[in-house]
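User: I'm new to reading protein models and would like a close look at one part of this one. Could you walk me through it slowly?

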Amino acid sequence: MLNRRHIRIKVMQSVYAMHQSGSDNVEKQEKFLQYSLENIVDLYLIMLSSLVEIRKKEIDYINLAQKKHLATPEERNPNLRFINNPVLLALDESNSLSIALEKRKINNWQANDDTILMLLQDIKQSELYQNYMAKNAVTFEEERFFVADMFSELIAPNEKLYSYLEDFKLTWVDDIPVVNTQILKELKKMTPDEDSYRVPAIYKDAEDKDFATALFRKTVLNDSELAKEFIDKTPNWDLERIAELDTIILKMAICEFLKFPSIPMKVTINEYLELAKEYSTPKSSLFINGILDNIVKDFEANNRVNKAGRGLM
């Protein structure tokens, strides 16, 4: 679920929080880092379970409408295509999803069903829904595309839903795009097979999980050593005038150069330039690029880097 870039973002935020608090309690901040990473699973489950709950609310609506004393012909014989959508059914019947929701005690939509009702109303008023329900017949591929489009066009971008998630847990602000992208990827690859959906692991492998802790620890425990590597590379800058986030990005990048032999230097540079563009000042990426370029030349000239594997320089 998590890629290396998002892991770097979380580490960067944890290092920044540690600097801002003035704390030197590495263990405490490391626990917060792990908590922040693990909570991405909760966000994933909350977003995905919205599809299950939206379908359930539509079932409730149909049942109530059929029992009305003056029910219309459409209410007595409703179009059941939406609630019978095989992808929505597969999510509702997924043991993997049910177990994950129960294990992590995810019940947000039971306590906030007004959000689900709002989403259902928006969906039913959409052209996407109207066109889907009006078709004479649909293939599984069309059913799957409908759910994927419904999620990407009507649920994920919903501002009220975004506000709810932001208010519920502030650390999710940067996680929402990652989670939505993952859910969309999972929806698009579902098949007609039974139990075709399984909750993905938070990390691709054990190496990625270890990477988060190792990057954080090696950055904060070698803070002074890493700072020395770029102080003399900024002759036209007063160190105190450099944005704090820029110094953290530089330290993390240099840390990867020196202490992570399996990560290509070009990958490290590209990753941290993207972080600078997104999180720091408008000129930060140019500044950081120039510093890292000088550092790489210096390291190579003095044989200070030892990257393992082919093409890692």
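How are H1 and H14 oriented to each other: parallel, antiparallel, perpendicular or oblique?

Analyst: Happy to! One thing to keep in mind from the start is that this is a predicted model.

Let's begin with the angle. The axes of H1 and helix H14 (residues 244–259) cross at roughly 125 degrees, and they come within 10 Å. An angle of 65 to 115 degrees would count as roughly perpendicular, and one over 145 as roughly antiparallel. H1 and H14 are therefore oblique to each other. As for handedness, H1 passes H14 in a right-handed crossing.

Which residues do the touching? On the H1 side, the contact is made by Arg-8, Val-11, Met-12, Val-15, Tyr-16, His-19 and Gln-20. H14 brings Glu-244, Leu-245, Ile-248, Ile-249, Lys-251, Met-252 and Glu-256.

Now let's follow H1 to its charged residues. Side chains of opposite charge can pair when their charged atoms come close. Here Arg-5 forms a salt bridge with Glu-271, and the closest N and O atoms of the pair are 3.0 Å apart. Arg-5 lies in helix H1 (residues 4–21) while Glu-271 is in helix H15 (residues 265–279), so this salt bridge ties together parts that are 266 residues apart in sequence. The two partners also sit in contrasting surroundings: Arg-5 counts as partly exposed, at 33% relative accessibility, whereas Glu-271 is buried, at 13%.

A second pair is worth putting beside that one. Glu-58 forms a salt bridge with Lys-124, with 3.0 Å between the closest N and O atoms. Again, distant parts of the chain are linked: Glu-58 belongs to helix H2 (residues 26–66) and Lys-124 to helix H7 (residues 113–124), 66 residues apart. Glu-58 is buried, with a relative accessibility of 4%, and Lys-124 is partly exposed, at 22%.

For a third example, look at Glu-75 and Lys-68, whose salt bridge has its closest N and O atoms 2.9 Å apart. Glu-75 is buried at 15% relative accessible area, while Lys-68 is partly exposed at 43%. Coming back to Arg-5, salt bridges that share partners join it with Arg-8, Glu-256 and Glu-271 into one network. Two of those names should ring a bell: Arg-8 of H1 and Glu-256 of H14 both take part in the helix contact we started with. In total, the count comes to 21 salt bridges.

From charged residues, let's turn to nonpolar ones. In soluble globular proteins, nonpolar side chains tend to be buried together. In this model, the largest nonpolar core has 95 residues, and the members that touch the most others are Leu-51, Phe-82 and Ile-155. H2 gives the most to this core, with 15 residues. Leaving out residues up to four places away in sequence, Ile-155 touches Met-47, Ser-50, Leu-51, Ile-54, Leu-119, Ile-123, Met-150 and Leu-161.

Finally, here are two spots with a backbone detail to look for. Lys-105 has a phi near 55 degrees, a positive value in a residue other than glycine. You'll find Lys-105 in the loop between helix H5 (95–103) and helix H6 (108–111), and it is exposed, at 68% relative accessibility. Asn-303 also has a positive phi, near 50 degrees. Asn-303 lies in the segment after helix H16 (284–301) and is exposed, with a relative accessible area of 69%.

Technical notes: Residues numbered from 1 in each chain as written. Predicted model: local features only at pLDDT ≥ 70, side-chain atom pairs only at ≥ 80, totals over all residues. Heavy atoms only, no water. Salt bridge = Lys/Arg side-chain N within 4 Å of Asp/Glu carboxyl O. Helix = DSSP H or I, 4+ residues; strand = E, 2+ residues; numbered from the N terminus. Buried < 20%, exposed > 50% of the residue type's maximum accessible area, 1.4 Å probe, protein only. Core = buried A, V, L, I, M, F, W, Y, C linked by side-chain atoms within 4.5 Å. Contact = heavy atoms within 4.5 Å. Axes fitted to C-alpha atoms, helices over the stretch in contact; angles between N-to-C directions. Parallel < 35°, antiparallel > 145°, perpendicular 65-115°, else oblique. Left-handed = near helix turned anticlockwise from the far one by under 90°.
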